[in-house]
Every structure is written in C-alpha cells, then in structure tokens.
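Reader: Please show me the model, and then let me ask how its descriptive terms were earned.

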Amino acid sequence: MAVISLQEVSLGFGGPLLLENINLQIERGESVGLLGRNGAGKSTLLKLVNGDIPPDGGNVSRQQNLRVAYLSQEVPQGLSGLVGKIVADGLGSAIHEPEHHWQAQLQVEQILSRMQLDPSAEFDVLSAGLKRRVLLARGLVRDPELLLLDEPTNHLDIDAIDWLEDFLKRWGGTLFFVTHDRVFLQRLATRIVELDRGRLFDWNCNYATFLQRKEALLSAEQEQNVNFDKKLAQEEQWIRQGIEARRTRNEGRVRALKRLREVRRERREQTGKIRMQIQAEKRSGRLVIDAENVSYSFGSQPIVREFSTTIQRGDKVGIIGPNGSGKTTLLRLLMGELTPDQGEVRLGTNLEVAYFDQLRAQLDENKSVLDNVGQGRDTITINGKPRNLVGYLEDFLFTRDRVKAPISALSGGERNRLLLARLLAQPANLLILDEPTNDLDIETLEVLEDLLMEYAGTLLLVSHDRAFLNNLVTSTLALDGDGVVTEYVGGYDDWRQEQIELAKAAEEKISKPGGQPRTEPPASNRKLSYKEQRALEAEQRELAELPTRIEALEAEQHQLASTMADSDFYQREAAQISQAVNRLKELEDELARAYQRWEELEHR
C-alpha cells in the first residue's frame, strides 16, 4: 500500500522546471534513495512530500493520518535548550495533556535511550553530528510511519554514520532519503529514484545495479540524440534549398521539420560533468613531513600524545576520528601552522602546499565567484598557459551568469566546487583536504576521486566518506578522542577490520588469567616510522646483496680448498700454511653466518 503518491506533479521557481510532470509512489516498508546533481531539486522534492510547499500542478496524495518526520539538511538557526526538552517538543501538545502525559514521557525516555542522548545536555554545545542526532530523535519520538532524511550523514563522524545505519536498519519504517554517501546508499537503499533535468527515473533496484543500468541508459540516450540531430541537420539542409519545400506535396515534410525544431528546442541537455586538473608541480623532496614524539593539548584536554610519523612523497594519508577529536588540529600541526607542546615536526624541501578548509574560511563573502578565484584578474595561468577565468569556472559548472553572483547566494555544493576551483588554480605538490566531499553530488565526488587517484604528489585527507577513503588512501591515521593517534596501512575497511581483530584479541586475553589486551596494532598492519622505514630499506638491500656475497665466499672457499689439496702446498713456509688454514676456517664461519642471516631476513 502506497504511503505517498505523486501524480503529474510540476514545480518551478523561474527558469526550467525542477519537477516536470513527475510520478512517484512509495510503498510501506520501502527504503528509497533519491539521487541527483547539486541543484536538481532533491531537497525541494522532500519538502513537497513533507507538505512544506505546494506543487504548481498535479496531485500529492498521502495515506490518511500518515505520521511523517523530516530531517532537513541544515540545523535550524536559533534552536537551543536542553536535549530532553527539544526531543519532547516533537510530540507537540500531547506532552502537556494530562491523560497522555505519562505515555508521552515514556516515549521520550525510550527514544533518548535508543539514540544514546543525554537529556540534560545543552543543545548549543553539542557537535554538529550530535545536534543532527537530537533532531532525528525529535522526529522519531512521534513514531513516524515515513521518515524523510536530507543528507543525514553530513557532518557526522564515521562512528556516528555506522550507528545511524544500524539504527535505520532496525527501525523498520518507510524511508525516503537523499545522500551522497555511496556506502550508506549501498547498505540502506532497496530502491533508487533519480531526479534528472526535471524528470524522475524509477530504477527499482539497489545502488550497485543502478550504476550499471544508468551507464547503459546514458549511452542509449547519447546515441539517440546523435541520430536525432543528424536527421534534423538533413531536413534543415533540404528546407534551405527552397524550391522543393514550396511544392504542395512537400507540405507534410515542412510540418515535420517544424515539429523536429520544437522537440530540439525543448530538449534539456544533461548537466555537464565537472572538469578538474591539478597543475603540474615541482617534485618535493622524498621526505615530506617527519613528526617525532609530538604532543599538543587545549588546556587540560590532550589532542595528540607522543605521536610520530613519517610521510614521504606520493603518500596518500587519510585521517579519521570522532567529531571533536582533533583531526583539523592534527592537520595544522603537520602543516607547521601550530607549534607542538613537545616533540618536533620537520617539513621537507620544495613543498608547495594547497589547503582545503572545511569551514571555507578562504572564501570572501563580500566578493563574487569570479573575484574569489581571480583576485581581480580576467585570466589565470594553468600549467604554464593563460586561460580565460570565466572559461575556467565553467569547468566547475558555474554559468556565465552565476560567476557574478555573491558567495552568499551559493549552495553548499557550489561553495565546495568554488573552493576546489580556487585550490586547483595554484600548483601544489602537497594537497591538504579537510572534508572536501561535504555537499558534493556523487558524480562530482567521483570526478574528484579519479583526479586524486592520478595525483603524483602527496595527499593528506580528512574525510568521513568511507568509499572515498577506501579508494584513495595508502595509510590511515586514527584519532581516539583522548590524544592517541594510531597509524594503519590501508583505508577505512582495513582500519575497521583491524579494530575487529583487536577487540577479539582483547576479549581472548582478558578471558585468560593474567591476560592483558593488546593495545598496539600488529606490526604487519602498522605503518613504519621514518627510522623503521630506513632500517627496513637497509635490510632489503642487505637481503638483495646476500646471494652475491655468498657466491663470492663459496668461490673463495672452493679455490682455497683446491690449493690446499695440492701436495706441493705443504712444502710452503709454515706462516703461509697457517694463514690459509685460518682463512678457510673464517670462510666457513662467514658462510654459516651469511646463510643464517639470509634465513632471518627472508622470514621477516
């Protein structure tokens, strides 16, 4: 049974319609993921389903007495007070009615417990992730039948996203959500609908199958448009001949050409793909950053404790941790912007740094898109060649009208694209990106991902996007929120698997008398320090040289043994005989040690 039904719904705010005669039915118990480019109208569609805005045309039908909860993309301005009071407000007047008060209070307590929220905490001081959890609790306390979520993973740390996924899987209601988190989509969506150029496409499959079908559809659409344009060009050439077109028997062909022109005029082209490139840079030195026993605190709160790492040219390092654990602070320490309380951070040579700030503080709110990138210039130099600045910004999907808009008029996704345009306009061999994926649609995110995969420089990346981390980083720094930073080889999945193994090992050791849980990652999965890396490289060289050395020793041993086997050998002076005998014994000892060393190194 459908809880929501949209029939021939249209809606626009000037310009092309955001929703053009769309149809949609959401059945009870479904988990529907809504996809689309930035600005396609996804948030508008959610608000329309929620009843916040009416359609320009068509009908929106809801199941009678349907209970709906809506989590918007942004935290409402001016919301304050105790968490318990804010969640209770989700029940409206029911919380104050004497006959329902005890039941309403029980509902509030149950949802606070399920969502692990402290009712006495002040909303104002919570992290962005916890604030969104409170707002979700305020919606869920009404026991909704339909839950509308607009980018629910924005500003959540990885642990909070994992928690939200598990919660929604157990929840059991009907879910309609917008997200750019590919792992979230894969785990939750049982059906995909896509908003593209005003039309709604219903794929009725999971995300992995959607990707395959979408690629086939775009290919077929492109081929169809090519054939249509070829036909139109042929008819336009015919009409220009004039004489044949005026004959009565060809009037039908003239009318058909007019219809072709009308169809072509109404065609809405697919939004272009963002085009990015990182400027060719000078190679940095092999050593990029060397941190040794670094500690840093805010007052009495330790952010980093006795942390050491070595980052070399070409490394791609991910940084993860709970909200408020100090990920941005760690970045600033590694960049040299902050001085550690103890320890030392040494930067390599020939570094050209480009920094993406998640707060977008580098953007000047009083300037236009054009001035934020060009700084008063009309051209920009990319890889040694001048480019028109407007053309450069068009690569980042800013139209010629949009480049003159003030920053205040931009959406979150547009601001992120603008900051990327500004960042990539400068040459860099060290990219430092702090949450670059927030508010980006999936297609733009994948273009950025491909670009960074091919990047030959060094990358430091803070992100909660698990697929982005898995596809990009070669090692991961994990902060625990209490100052401990641990380094692992690989991305998010490698880190998660290591946590599972550590938990199992801890349980096993605790269950044994006198057992102590292991707190350090095994050496096989822990990234080596700079000194350890240098020692390992020396051992690798030694292992590579050992066969040649053993061969030389054996050749000398064979030659000396052959000489001593000659009967004339013992006619020599006693000193020579003694020297040869001693050398033969030395060779035997050296060979024994060499073979033992070879075995040790191969075992490592």
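Author: What follows takes the terms one by one and sets values against definitions.

The model is predicted, so local features need pLDDT of at least 70 and side-chain atom pairs count only at pLDDT 80 or more, while totals for chains, interfaces and linings use all residues. Residues are numbered from 1 along each chain as its sequence is written, and side-chain values use heavy atoms, with hydrogens and water left out.

Reader: Why is H4 called roughly parallel to H5?

Author: The axes of helix H4 (residues 128-140) and helix H5 (residues 158-171) cross at roughly 10° and come within 13 Å. Axes are lines fitted to C-alpha atoms, for helices over the stretch in contact, and angles run from 0 to 180 degrees between N-to-C directions. Angles under 35 degrees count as roughly parallel, over 145 as roughly antiparallel, 65 to 115 as roughly perpendicular and the rest as oblique. H4 is therefore roughly parallel to H5. Helices (H or I, at least four residues) and strands (E, at least two) are DSSP runs, numbered from the N terminus.

Reader: Which residues make the contact of H4 and H5, and how do they divide into nonpolar, polar and charged?

Author: Contact means heavy atoms within 4.5 Å. H4 supplies Arg-133, Leu-136 and Leu-140, and H5 supplies Ala-160, Trp-163, Leu-164, Phe-167 and Trp-171. Seven are nonpolar, none is polar and one is charged, where Ala, Val, Leu, Ile, Met, Phe, Trp, Tyr, Cys and Pro count as nonpolar, Asp, Glu, Lys and Arg as charged, and the others, Gly among them, as polar.

Reader: What makes E2 and E4 stand at the edges of the sheet?

Author: Two strands pair if DSSP finds at least two bridges between them. The open sheet has three strands in the order E2-E1-E4, with antiparallel pairing. Strand E2 (19-27) and strand E4 (57-62) each have a single partner strand, so one side of each lacks a neighbour in the sheet. Strand E1 (residues 2-11) pairs with E4 over five bridges, in the antiparallel sense. Leu-6 stands opposite Val-60 in E4.

Reader: How do you know that strand E3 is mostly covered?

Author: Buried means under 20% relative accessible area, exposed over 50%, partly exposed in between (1.4 Å probe, protein chains only). In E3 (residues 31-35), five of five residues are buried. Ser-31, Gly-33 and Leu-35 lie on one side, Val-32 and Leu-34 on the other. E3 runs parallel to strand E7 (residues 174-178), joined by four bridges, and also pairs in the parallel sense with strand E8 (residues 191-196) over four bridges.

Reader: Why is helix H9 called largely enclosed?

Author: Seven of the nine residues of H9 (residues 327-335) are buried, so the rest of the structure largely encloses this helix. Among the buried residues are Lys-327, Thr-329 and Met-335.

Reader: What makes the pair of Trp-203 and Phe-210 edge-to-face, and the pair of Tyr-207 and Phe-210 stacked?

Author: Rings of Phe, Tyr and Trp (its six-membered ring) pair if their centres lie within 6.5 Å; planes under 30 degrees apart count as stacked, over 60 as edge-to-face and the rest as tilted. Trp-203 and Phe-210 have ring centres 5.3 Å apart and planes at 80°, so that pair is edge-to-face. For Tyr-207 and Phe-210 the centres are 6.0 Å apart and the planes at 25°, so this pair is stacked. Ring pairs link Trp-203, Tyr-207 and Phe-210 into a cluster.

Reader: Why does Trp-203 count as buried?

Author: Its relative accessibility is 11%, so Trp-203 counts as buried. Phe-210 is also buried, at 5%.
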